[in-house]
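Colleague: Please walk me through one part in detail: chain A, beginning with where it meets its partner. Keep it simple, as I'm new to this.

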Amino acid sequence: MRVVANLKICQGHARCEDLCPEVFSTDAVEGKVVIEHPEFPPELEEKVRLAVRNCPEGALRIAKGDKA
Amino acid sequence: MNLVFQPPAPDHVPDELVVDFDFFKVPEDVTDPVQIWHRLARDGAPPIFYTPRNGGHWVFLRYADIVEGYRNHEIFSTRGAQIPPIEPFPVLQPNGVDPPEHDVFRKILAPMFTPLAVRRMTEGLHRRAETLISGFAGQGECDFIADYAAKFPTATFLELFGLPEERLPEFLRIANVFFRSTDPDIRAANLLEIYAVLEDLFREKERNPQNDIATTVLQARDVDGNPFPWQDIINCGFLLFVAGLDTVTNTMAYVWRYLATTPDARQKFRDRLDDPAAFLLAIEELMRINAVSNIYRRVTHDCEYKGVRLRKNDRVILPNTVANRDPSIFPDPQTIDLDRKVNNHVTFGVGPHRCIGSHLAKREIMISLQEWLRQIPDFELAQDQEALSVFGGSVMGFESLKLRW
């Protein structure tokens, strides 16, 4: 599983970082999402999906297969 | 009989979209000012309607339209959007300008308000909260607004701006006049006083640069390496003053009022004192349900939006509390569910103007509640809910909130 972010849409709400800090952090300049582990392990799937659904801008998505 | 002069709606507004609604007025039987907004849809107001009050403005009542109002700056501008219209009004940087101009000051401020930067403030915020609360915890009662909710964010502002704590009473006074006075002469004098204070502050930082927000804004350079116009710098200071004080104060007032009357919720938060992630999740739900800000936009050109004719310079209000309880987005929207899993509230706005202080605001509220519950685990209202003095307007809230324990 792989999670990807659209940085043009991200506005730095940081809900993803709050909900799943194992995978998401934010940068020190604009506070936008940094995906530390795009290919997350299956045990984090629920948390990552929750983070994706809680993005107020819809900037995150889970990519099918290996392609981003 | 209503003898108040009521100007007619302009020609482009059809009669069926006109509703008589004054968002500054809270009727005496309403104990919670957000309810004036929730009554609208219940009473059959169209999802996009026009009220002739306060200079005349549109109101959006659907989550989708409120979000569009935030994101679509081609139609909905922040520049000169005050309701009722105030002209001339200072162009606040970066809040009062649209992209791409907006990006310039936003980029200067952004590094100081990232989650990373706010995490570095955590220890200082805990200390401040602990000290303030221990000052009255032994008394068994307080006025939550005067004794805590107004002081805490104002003291935080002083520290961020590198101002000494001794100036807290002065800043509390000028902030209180700014946010509450309705007298035009007092307001005008107050605005001059705030600008004089900011002028002095930035002049002092020019002579004596420090590691603070004021100095950072002052030392910022444009793409050609030149300093920014003095007026923009002052207006950026003014924005930070107006944006981060009253909003936090009144959100806290709402949260404490709810906890004072809801023992189960106090228990839930106490149970989470050692689990910051769970504590924060519950805070997020309180952010959704206690959205105190109503945001203004101005229409940039004659156009049609969702079948409604808008004219250039029409004003629009985006009431966050309404978006946050839209039943098409939030299941069981009126219920406060501290374990709500999906919570895309718009309390801090969305799009390019997303509240830059949102992480600081949330951290201030979270830390305040943690310190409070450690020192004052149980508390209640020391006055009838019906007797609370409330106000509407761009930021809704309470004049005072007496608590006892």
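**Chain A up close**

Modeller: Let's begin at the meeting point: 16 residues from chain A and 16 residues from chain B make up the contact (C-beta atoms, placed from the backbone, within 7 Å). On chain A's side, helix 1 (15-19) and helix 2 (45-53) each bring at least two residues to the surface touching chain B. That side of chain A is a mix: five residues are nonpolar, six are polar and five are charged (charged is Asp, Glu, Lys and Arg; nonpolar is Ala, Val, Leu, Ile, Met, Phe, Trp, Tyr, Cys and Pro; polar is the others, Gly among them).

Bear in mind that this is a predicted model, where local features need pLDDT of at least 70 and side-chain atom pairs pLDDT 80 or more, while totals for chains, interfaces and linings use all residues. Residues count from 1 along each chain as written, while chains are lettered from A and ligands numbered from 1 in written order.

Now step back to the whole of chain A, which holds two helices and four strands (DSSP runs, H or I of at least four residues and E of at least two, numbered from the N terminus). Follow chain A from the N terminus and you pass β-α-β-β-α-β. The C-alpha trace of chain A spans about 30 × 20 × 20 Å along its principal axes.

And inside? Of the 68 residues in chain A, 40% count as buried (20 or more other C-beta atoms within 10 Å of a residue's own). Among contacts in chain A with a separation of 6 or more, 59% join residues 24 or more positions apart.

Notes. Contact = placed C-beta atoms within 7 Å. Buried ≥ 20, exposed ≤ 12 C-beta atoms within 10 Å, placed from the backbone.
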